[in-house]
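Here's a quick tour of the salt bridges in this model. Have a look at the structure first, then read on.

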Amino acid sequence: MGRFLKQGRVVIVVQGRYAGRKAVIVKNFDNGTDARPYGHAVVAGVDRNPLKITKSMSKKKVAKRSKVKPFVKVVNYNHLMPTRYNIQDAALKSIGPDSIEKGRRNATRKTVKKAFEDRYNAGKNKWFFTKLRF
């Protein structure tokens, strides 16, 4: 069987606090590590989606409603559902397993936030930034 949970694959988290949220696999560990002896991945996802924007809104209001709240987390493969979509982003490739340690997590989250907001404002990957309806 081929590997389909690769870097850049958009997945849906199906268990835990972020269940139902879309995320991107940043780094995958198919065979696990010493600390986590099971297949898992570092994912960066959207906790709170940007809000709808209309033509009549001011620039200030548009900027406020275009904000994305991200999350960065290590998730077991059993708790991920892959989609057909991929996102390739250089800013996300710089994130590794060491960047989610306690001291660096906030800085990593800010990097992901900037990358996601840039992608959203550029109009790329519109499906990724919409709320999952189910």
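## Salt bridges and their surroundings

D47 is buried (under 20% relative accessible area, 1.4 Å probe, protein chains only), with a relative accessible area of 15%. Its salt-bridge partner is R21, which is partly exposed (between that 20% and the over 50% that counts as exposed) at 28%.

This is a predicted model, where local features need pLDDT of at least 70, side-chain atom pairs count only at pLDDT 80 or more, and totals for chains, interfaces and linings use all residues. Residues are numbered from 1 along each chain as its sequence is written, and side-chain values use heavy atoms, with hydrogens and water left out.

Searching the whole structure turns up five salt bridges (a side-chain nitrogen of Lys or Arg within 4 Å of a carboxyl oxygen of Asp or Glu). Here are three of them, with their N to O distances:

| Acid | Base | Distance |
|---|---|---|
| D47 | R21 | 3.3 Å |
| D89 | R119 | 3.7 Å |
| E117 | K113 | 3.4 Å |

So what does D89–R119 tie together? D89 sits in the loop between β5 (80-86) and α2 (90-93), and R119 in helix α3 (residues 105-122), so the pair joins parts 30 residues apart in sequence. Helices (H or I, at least four residues) and strands (E, at least two) are DSSP runs, numbered from the N terminus. Both D89 and R119 are buried.

K113 and E117 are four residues apart in helix α3, about one helical turn. K113 is partly exposed at 29%, while E117 is buried at 17%.

Back to the opening pair: R21 and D47 also belong to a salt-bridge network with K69.
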